[in-house]
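These are my notes from going through the model residue by residue and chain by chain. I wrote down what I looked up, in the order I looked it up.

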Amino acid sequence: MSAPRRVSLTVNGIERSGMAEPRLTLLDFLRYELGLTGTHMGCEHGVCGACTVLFDGDAVRACLIYAVQAEGHAVETVEGLCNADGSPGPIQDAFRDAHGLQCGYCTPGMLISVKALLQATPDPSDDEIREAIGGNLCRCTGYTQIIDAVRLAAAKAKGAGT
Amino acid sequence: MRETARSNLLHVSRKRRVKEDKRFVSGTGTYVQDVVPKGCLHVAVLPSPYPRAKIVAIDSAKAEALPGVRAVVTGEELAAHTMPIYQGLNLPNVRWRPLAHEMTRYAGEWVVAVAADSVHVAEDALELIAVDYEPLSPILDPELAMAEDAPLVHPDHGTNVLYRGEFNWGPVDDDFAAADRTLSFRVRWGRSSTVPIETFGVLASWHAGTDTLDIWASIQMPKYAEQIAAALKIPLNDVRVHNDVDVGGAYGVKRGIKHTVLVGYLSRKLGAPVRLIEDRLVNLAGGDAHGPDRIFDTEVAFSENGTIASMKIRALDDAGAYPGRGPYQLAKPISAIVGPYRINSVRYEPISVTSNKCGQVPVRGFGQAPTNYMIETAVDKVADALGLDRIEVRRRNFIDREQFPYMIPSGTEYDSGDYHAVLDKVLELAKYDDLLERRERRRAEGMLAGVGIATCLEPSGGNTMFEYLMNPQAEITTFMESCQVRVDSHGRITGIMGTGTSGQGHETLVATILGEELEREPDEIRVIHADSRAGFPTVAPVASRMAIMLGGAAAGAAQKLKERIIRIAAHNLGTTPDAVEYSAGAVRDSADPARKLDWEEICFIAHNQTHKMPEGIEPGLQAYHILQVPGGGRLPDEHDRVQLYPCFAFQAHIPFVELDPGTGKVTINEYYIAHDCGTVINPDIVRGMVIGGVAQGIGAALYEKFSYDPDGQFISGTFADYIMPSVFEVPYVEDVEHCTPSPLTSHGQKGTGEGGYLGAPAAIASAVNDALRPRGVSIHELPMRMADIEDLLNGGD
Amino acid sequence: MKSAPFDYAMMDSVDGVTDALAEAGDEAMIIAGGQTLVPMMALRLARPALLVDINGVAELKGIAEAPDRVSIKACTRQAEAMSSDVVRDRLPLLAKALPNIGHAQTRNRGTVGGSIALGDPAAEIPLVATALDARLTLRNREGARERAIAGFYEGPMMALRDADECLTEVHFPVWLGAGTIGTAFQEASQRHGDFAIVAAAAQLQLDAGGVCTRAALAVGGAAPYPVRIERAEEILTGSTLDDDAVAAAVDEVEAAIDPQTDPQASAVYRRRVAKVLSGRVIREAARDARGEAS
């Protein structure tokens with residue numbers, strides 16, 4: 001059926017549901033059906049990474065998944081990286097401290113990729129950092145301060161853990 | 001003259017979190033795509049499949065019948081109800097409209113627009129529209145476009161040449177006649193631009209009850225509201241542009257006039273909010289957002305010791321089908337037409353032609369990046385011709401620090417600089433001698449390796465006096481920026497700016513300057529963006545001008561506010577303003593410092609206690625300042641000499657590249673920059689601006705090009721074809737600051753938004769050619785793609 | 001840039017998939033990772049009436065070992081293959097190719113079978129499968145068949161899979177016998193993670209005396225589909241992989257390929273670079289087999 005159907009999934013730990021035609025991407029569903037506008041549209045063909053979200057814990061392109069495919073799955077978006085009161089979480093604060101952003105448009109996807117990196121590799125090398133964010137295009141920063149931010153986030157997490 | 005930044009600064013130049021970053025990292029910025037009012041209609045546009053064709057007939061009946069479609073509009077309908085869009089040059093017969101009328105002029109040009117309940121349905125409807133075209137042969141090459149018998153892009157204009165000028169500044173012929181040596185060369189800057197990750201988007205909502213057209217747009221455009229009102233034929237104060245929309249990157253290209261005219265028209269026609277969010281295909285093919293596409297033919301006259309006396313420059317630029325403000329990108333570089341060098345005379349022949357390609361838009365640096373690539377190529381070639389070191393030739397030609405202010409032949413005075421010191425700093429940062437050793441080692445191992453050098457001047461502060469040079473009807477000399485400051489009855493400070501922002505940290509800039517002047521904590525200062533009807537006059541956050549202009553306006557407003565605070569306090573201390581001292585918001589009696597009024601007390605008085613206010617001071621605590629560009633205000637003299645831009649920042653770049661001779665692939669291993677933008681307001685913002693510009697310059701140098709095939713079909717329609725650098729292509733950039741304050745600005749600051757992009761393409765080209773030197777070949781066309789380089793090396797067999 | 005309308009069905013068994021395909025005919029398309037298909041649908045270059053989703057089919061996921069081959073189920077994520085010890089230890093050539101595919105974010109979703117079934121001429125997994133002579137299992141409602149990858153493609157993105165068939169498994173042969181194995185994978189692309197302009201893969205087996213007893217060489221991006229350079233393999237086999245043998249093998253590349261010009265690069269470029277990369281992967285694989293640092 002190409003008609004809209006109900007899609008239920010977990011977003012940032014909360015059960016959510018909304019209506020989606022099969023052709024509605026997860027990106028558009030998150031933004032326009034669930035109102036989570038932190039995830040951004042950059043190319044809609046899987047190159048730029050602005051729409052990166054965690055899907056069952058793995059970083060993926062939300063523009064390359066249809067919302068109907070997310071039925072029953074767990075999605076985490078940039079909003080989910082914030083503390084419970086909505087204030088920035090530790091990775092987000094590291095990006096602020098290093099000014100690892102400018103216009104903020106690629107930032108949510110970048111943060112999600114970094115979250116995926118640090119949960120698997122708490123103390124990443126610079127090569128591992130590049131590998132993790134290689135699929136996120138940033139047009140403002142030239143990446144240098146983003147690398148600084150990831151290093152800082154890792155160092156802070158390490159400090160917090162000891 | 002060697003100055004250093006004021007050492008007693010409280011907040012300026014200190015590391016501080018960027019205010020805007022908090023909402024951006026939280027995913028709570030508000031971009032235009034995030035504004036979706038109830039009942040909003042969505043627009044999709046039908047691109048022309050032909051680069052040049054007559055539109056014979058359009059049948060949209062099936063599209064109109066599709067459920068969910070609210071309107072189908074053609075170029076004919078739009079032309080009947082709107083005015084052509086204003087362009088920079090005076091070109092009455094080059095009519096630029098949102099939708100093609102009678103004729104299409106590039107593949108990807110919008111022909112029909114559909115407004116529907118969803119963008120999905122709008123796109124479905126596009127497939128139901130039948131357009132009968134009569135294809136014509138296109139003109140794609142700018143040199144061929146100038147030929148007598150070339151097909152005409154705009155037949156009514158009578159020629160494909162939009163502008164042709166000749167400027168002679170200084171004794172060019174004498175300098176050439178007297179020179180020891182001359183050389184000539186051609187370089188070509190490919191059609192690229194800065195392509196933000198956010199496409200252009202706009203939402204227009206007409207309210208008949210209040211006669212207001214509300215506009216939310218991803219915009220960075222001077223006189224935007226004026227142009228919308230003119231094209232839609234409505235009063236300017238019917239238009240309300242919401243400047244509090246976050247813009248997902250702009251770098252010059254977010255102009256969107258045609259998009260806005262289209263949705264403005266549709267919103268008025270349909271009585272509903274209407275939005276057009278470019279998808280990436282529309283953005284790349286038909287967003288009118290391509291950059292300069294330029295051929296330079298340059299002659300250089302120089303002496304045996306490497307001193308450059310004169311240059312003759314012909315710059316031919318392909319503005320595409322609808323030039324907009326594009327041609328002015330030939331004129332702005334006149335502001336630094338001799339770069340940082342003591343070149344005595346210049347002949348400059350800018351030519352702008354139209355072709356069957358997408359239209360040109362202002363790009364970061366406004367034409368300065370291609371021009372700097374040409375100038376730096378000239379210097380490298382002089383060094384090559386004489387067998388001199390590239391660094392040494394630069395040193396010999398630099399303007400000396402004692403020579404500032406320095407007047408260049410075209411009539412612009414450079415405010416300040418110390419180019420030798422900045423160059424020395426980058427050499428030290430790069431450990432230049434070790435770098436050369438590393439290069440030799442890699443060469444010995446069979447790799448091609450090269451070290452690049454480029455410097456660049458960044459004209460900043462932004463007047464647009466260059467317009468008058470190309471179009472005497474543009475007799476405009478006012479280029480202001482404004483800031484208001486208000487202190488509420490609880491003592492909290494709010495700064496109000498009149499434009500939007502797109503990642504440059506303008507809110508942080510205003511808060512830092514207000515905090516500096518008022519000696520209050522910048523983190524507690526809120527900065528907001530007035531809409532276009534509520535704000536004071538501004539131009540736009542373009543032209544590397546906001547640190548100077550918005551910063552200067554904020555400083556001016558703060559000083560006025562402080563004066564008022566002092567008067568109120570002095571009155572209540574029973575003394576005169578010159579007998580009190582202001583410190584961190586409190587005002588003390590100089591004679592008896594124990595007698596004082598705190599900030600909160602003064603604020604309370606100002607808002608609530610007329611009986612305690614001095615005569616002639618109005619209630620409340622607020623001030624505004626409107627700053628005109630320093631040094632602006634005069635038209636060019638009879639020799640076309642004029643002050644273009646007030647302040648001149650400087651950078652020196654050194655990249656180290658390796659080049660795989662088998663595949664042609666260039667890898668940038670190291671990159672060093674020294675930059676001098678005078679007093680730094682926020683060091684993190686400056687560093688980000690510089691390095692971000694470098695990454696875009698790397699893209700322009702090696703990867704990015706809007707390509708058309710020989711039939712005029714656009715072949716760079718996706719991000720798989722228009723290739724922008726990822727973190728793998730951009731090295732970790734090492735940078736160092738230098739500070740030569742500007743004598744013209746509030747805190748000695750200069751602009752820094754463009755320099756990285758101005759220097760990097762020249763620096764990468766210099767490095768690639770250094771790598772190629774042992775093979776006896778060189779490349780002078782950007783982008784230098786791997787296949788092109790490989791062909792140079794291996795194509796002979 | 002929104003997909004045309006389509007119907008959608010999430011499957012939980014291969015039988016369900018083959019039933020759906022049998023009923024819908026060539027109006028249906030299978031979606032696995034979707035990393036290539038979804039962009040094509042967004043561009044409306046692909047417009048299936050029915051999308052048959054195999055992401056919920058557990059029996060299409062996993063990696064199994066046999067003595068002479070490693071079988072990867074079609075809907076196994078590229079990221080899973082990349083982190084698999086079995087792939088690392090027994091399919092070193094595939095292990096070297098996988099990091100070149102897109103980025104972590106696309107490998108987390110993209111599948112091994114999807115890449116094989118689509119057959120992009122420059123894609124890494126079809127190239128490795130071609131080099132190693134992989135075999136494919138295809139199933140329809142009637143049953144399963146196994147076939148060689150050779151001959152599976154008749155053009156770019158054109159695989160000889162019947163409309164009612166689902167690719168279920170890719171079997172990568174593991175080379176047995178005495179001696180050491182060396183592998184190498186290289187590609188030329190403008191930007192890391194992009195589809196290669198040209199790619200080359202080599203796997204060599206050396207006996208104790210350093211003589212090559214078996215060789216596989218394949219090139220991608222230089223023909224409508226990945227091609228084996230069999231004449232080169234013949235030259236290498238029996239040689240000590242000395243410079244002359246490598247040069248002679250590389251000379252055979254040209255006759256086996258049929259490069260095309262596109263906006264990324266000319267046919268001439270692809271022809272030259274195919275030879276350059278072929279030489280490099282042979283030499284690198286030889287060093288690998290000899291245990292030398294590369």
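**Entry 1. Thr538(B)**

I listed the contacts of Thr538(B), leaving aside neighbours within four places in sequence, and found Met480(B), Glu481(B), Ser482(B), Gly498(B) and Thr499(B). This is a predicted model, so I treat every position as computed. Thr538(B) sits in the loop between strand 23 (526-529) and helix 16 of chain B. I checked one of the partners by distance: the C-alpha atoms of Thr538(B) and Ser482(B) are separated by 5.8 Å, although the two residues are 56 apart along the chain.

Is Thr538(B) buried or exposed? I counted 22 other C-beta atoms within 10 Å, so Thr538(B) is buried. The cut-off for that is 20 or more.

**Entry 2. Helix 17 of chain B**

I then looked at helix 17 (residues 599-608) of chain B and noted its buried residues as Ile602(B), Cys603(B), Ile605(B) and Ala606(B). Seen down the helix axis, these buried residues fall within an arc of 160°, so they line one face of the helix.

What covers the buried residues of helix 17 of chain B? The cover includes helix 16 (546-572), along with strand 21 (480-487), strand 25 (586-589), strand 26 (592-597) and strand 27 (621-628) of chain B. I had met helix 16 already, at one end of the loop that holds Thr538(B).

**Entry 3. Glu790(B)**

I picked Glu790(B) next, which lies in helix 20 (residues 786-794) of chain B. Which residues does Glu790(B) touch, not counting those up to four places away in sequence? I found Thr663(B) and Gly664(B) in chain B, and Tyr269(C), Arg272(C) and Val273(C) in chain C. Thr663(B) is 127 residues away along the chain, yet its C-alpha atom and that of Glu790(B) are separated by 5.7 Å. Glu790(B) has 25 other C-beta atoms within 10 Å, and I therefore entered this charged residue as buried.

**Entry 4. Where chain C meets chain B**

The contacts of Glu790(B) with chain C sent me to that interface. The contact takes 25 residues from chain B and 15 residues from chain C. On the chain C side, helix 12 (residues 267-290) gives the most, with four residues. I sorted the chain C side by type and got seven nonpolar, four polar and four charged residues.

I stayed with helix 12 of chain C to check its length. Its 24 residues should span 34 Å at 1.5 Å a residue, and the end C-alpha atoms are 34 Å apart, so the two agree. Helix 12 of chain C is mostly covered, with 17 of its 24 residues buried. After the helix comes Gly291(C), where I read a positive phi near 80°.

**Entry 5. Where chain B meets chain A**

This contact takes 44 residues from chain A and 47 residues from chain B. On the chain B side, I found that helix 1 (21-25) and helix 18 (683-702) are the elements that give two or more residues. Helix 18 of chain B gives the largest share, nine residues. By type, the chain B side divides into 21 nonpolar, 16 polar and 10 charged residues.

**Entry 6. Chain A as a whole**

I counted five helices and five strands in chain A. Along the sequence they run β-β-α-β-β-β-α-α-α-α. The C-alpha trace of chain A spans about 50 × 30 × 25 Å along its principal axes. Is that the size of a compact globule, or what else? A compact globule of 162 residues would have a radius of gyration near 15 Å, and chain A has 16 Å, which agrees. Of its 162 residues, 65% count as buried. Among contacts in chain A between residues at least 6 apart in sequence, 58% join residues at least 24 apart.

**Entry 7. Chain C as a whole**

Chain C has 12 helices and 14 strands. Its radius of gyration is 19 Å, close to the 19 Å that the globule rule gives for 294 residues, so chain C is as compact as a globular protein of that length. I noted a span of about 60 × 45 × 30 Å for the C-alpha trace of chain C. Of the 294 residues, 57% count as buried.

**Entry 8. Confidence**

I looked up the scores last. Chain C averages a pLDDT of 97, and 100% of its residues score at least 70. The model scores ipTM 0.98 and pTM 0.98.

Technical notes
Residues numbered from 1 in each chain as written. Chains lettered and ligands numbered in written order. Predicted model: local features only at pLDDT ≥ 70, side-chain atom pairs only at ≥ 80, totals over all residues. Contact = placed C-beta atoms within 7 Å. Buried ≥ 20, exposed ≤ 12 C-beta atoms within 10 Å, placed from the backbone. Rg over C-alpha atoms; globule rule 2.2 N^0.38 Å. Expected span 1.5 Å × (residues − 1). pLDDT = per-residue confidence, 0-100. Arc of directions from axis to C-beta.
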